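Subject: The model and what I found in it

Hi,

Here is the structure I promised to pass on. Have a look at it first, and then read my notes underneath.

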Amino acid sequence: MRIIPGLTAILLCSLWAQKPGSPVVIDGTEVLRVYTGAAPFSPEARAADIRSRIEKIGDTSSHPEISIKNLPSQNVTAVAAGSVYIMLVTNADAEAAGAPRDELAARYALAIQKALESYRDQHTLVSYVVASGKTLLAWAAFVLLCWLLKRGLDWLGQRISLWFQRETKTRQVRGFGLILWRRASLLALSLLKVVVVLFLLSQFSLLISFSFSQFPQTAGISTTLIDYLRLTFGGIGRSVLDYLPKGGFVVIVCVISFYLLQVLKVLARAIEHSDVTVPGIHPEMALPTYQLARILVIVFALVVSFPYLPGGQSEAFKGVSIFLGVLISIGSGSSVGNVLAGITLTYMRPYRAGDRVQFGDTIGDVLEKSLLVTRLRTIKNVEVVIPNSTILGGMIQNFSAMARNRGLILHTTVTIGYDAPWRQVHELMIRAAQNTEGILIEPVPFVLQTALNDFNISYQLNAFTDRPNEFEFIYSRLHQNIQDSFNKAGVEIMSPNYFALRDGNTVTTPEADRPPHYQPPSFRVNS
């Protein structure tokens, strides 16, 4: 039974490392072995020359018979193909092989005869066509296998996901248990994919080896993918092994840090979606807290691993590290201040994305809150970027914080003369607020009389809204309704103040509160 040339080459590679001499390999198969050199040729050069002669004879159209010829004058035995000498067997060869010279030459002649017959059979057009057909069929089968595994993996993944969903609903899994179930389903799918990928890699390796073994020109390199990787990365592997006494500690630190970050990330996502409740950490604080924890874990891992890194103890490495540290400390003073302010604001929770806030003279909606800056969109649709240190050092007004539960109080002041009854003024202002879109019916709007001025009274209207991001439009509608309400009632708004000529003898008391048949006093003129 014929052995696959690729497998033969693999076996021969292991034998070459153990047996002395240089092999003569034709199409991936060892024909004979040269044990000694012949001046000025080394065993390797003799083996290469013999292989070249065998291939030249195989490429010719003639088929000479392989024979041996004893040459006493030269004290050698020749292996020849007709009149062409293929090789000379010396006494040194016979002694190294442990056999008589003529017997060794006869063995070589028989091996060369078989190698030539095999060479001629494998280098015909028919053999190339057959080899090409086998290779194409093998690759087509591999592609079909990949497609079937892909479809099967998708189907099985859907089944696993549905099974986990059904089980979580049946068992009524909530909170952290739900997260574990989700991670278990993802882990099961990942393990399944890893198994499939490893299986396909092994099949791909065998397919490469099979394809190379079908053609005589590549039969000698028909090794598996694993062997190729071993030969290619063998030096790297040896270097890693030499570094293991120190590198193992670095690897362990990296692995522990990686999985710790994964756990913290899952926990942060769970807190953000309210699947898990942790006292003192609100959902909007989950991701910023995870970012800070990730920085701390990475910095800690670097500090611990630094002495064990290659070249970590060298003076040059230490000098560069100190230089970079000085540059960072000098050039990042304001940035560090903003980061610290951002961390403080994160845990103060004075505002969040979407809130209507006021920083100094700037009013707008929060677009983004990061560790360095906060971005606002003003009521005029202008984006403003404010450093966190500036925000932390000033006053922050959040119009949305209380509006979520109790409503934001919008207030405006009008001045009315003393001749208008205050109860009527209250009623007109409350009615105007209730007719304004965006003002809440409950709690009921109310009016405060804030000042008794020289010429008028200040009435402050207070109304609740749950739309803090629209208060500029609500204010506009409220002022319009106040004007309409007072104009329809015939009550004069004394803002702005103005001067008018009037009868000063008439009291400013409301007409309903004046005595019956009241008549203003007349002017008295003395002669």
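Below are my notes on the sheets, the salt bridges, the cores and the cysteines.

Please keep in mind that this is a predicted model, in which local features need pLDDT of at least 70 and side-chain atom pairs count only at pLDDT 80 or more, while totals for chains, interfaces and linings use all residues. Residues are numbered from 1 along each chain as its sequence is written, and side-chain values use heavy atoms, with hydrogens and water left out.

Let me begin with the sheets. Helices (H or I, at least four residues) and strands (E, at least two) are DSSP runs, numbered from the N terminus, and two strands pair if DSSP finds at least two bridges between them. One open sheet has 3 strands in the order β3-β4-β5, with antiparallel pairing. Its edges are β3 (66-71) and β5 (84-89); each has a single partner strand, so one side of each is left without a neighbour in the sheet. Strand β4 (residues 76-81) is joined to β5 by 5 bridges, and A81 stands opposite V84 in β5. Helix α2 (residues 43-59) packs on this sheet, touching β4 and β5, and its direction makes about 150 degrees with that of β5. Such angles run from 0 to 180 degrees between N-to-C directions, the axes being lines fitted to C-alpha atoms, for helices over the stretch in contact.

Another open sheet has 5 strands, ordered β9-β8-β7-β6-β10, and its pairing is antiparallel too. The edge strands here are β9 (383-387) and β10 (396-398), and the twist from one strand to the next averages 40 degrees. Strand β6 (residues 356-359) pairs with β7 over 4 bridges, with Q358 opposite I363 in β7.

V366 lies in strand β7 (residues 362-369) and is buried, at a relative accessible area of 3%. (Buried means under 20% relative accessible area, exposed over 50%, and partly exposed in between, using a 1.4 Å probe and protein chains only.) Leaving out residues up to four places away in sequence, V366 touches residues including Y351, V357 and L376; contact means heavy atoms within 4.5 Å.

Now the charged pairs. The count comes to 12 salt bridges, each being a side-chain nitrogen of Lys or Arg within 4 Å of a carboxyl oxygen of Asp or Glu. R356 and D365 form one of them, with the closest N and O atoms 2.5 Å apart, and both residues are buried. D365 also meets R377 in a salt bridge (4.0 Å, N to O). D365 is in β7 and R377 in β8 (residues 373-378), so this pair ties together parts that are 12 residues apart in sequence. In helix α13, E427 forms a salt bridge with R431 at 2.7 Å; being 4 residues apart, they are separated by about one helical turn.

As for the interior, the largest nonpolar core has 24 residues, and those with the most contacts inside it include I416, Y459 and F486. A nonpolar core is a set of buried Ala, Val, Leu, Ile, Met, Phe, Trp, Tyr and Cys residues joined through side-chain atoms within 4.5 Å. The elements giving it two or more residues are β11 (408-416), α13 (422-434), β13 (457-465) and α14 (471-489). Apart from this core lies another, of 23 residues, among them A47 and L116.

Finally, how many disulfides are there? The count comes to 0, a disulfide being a pair of cysteine sulfur atoms within 2.5 Å. C146 is partly exposed, at 25% relative accessible area, and so is C254, at 45%.

Best wishes
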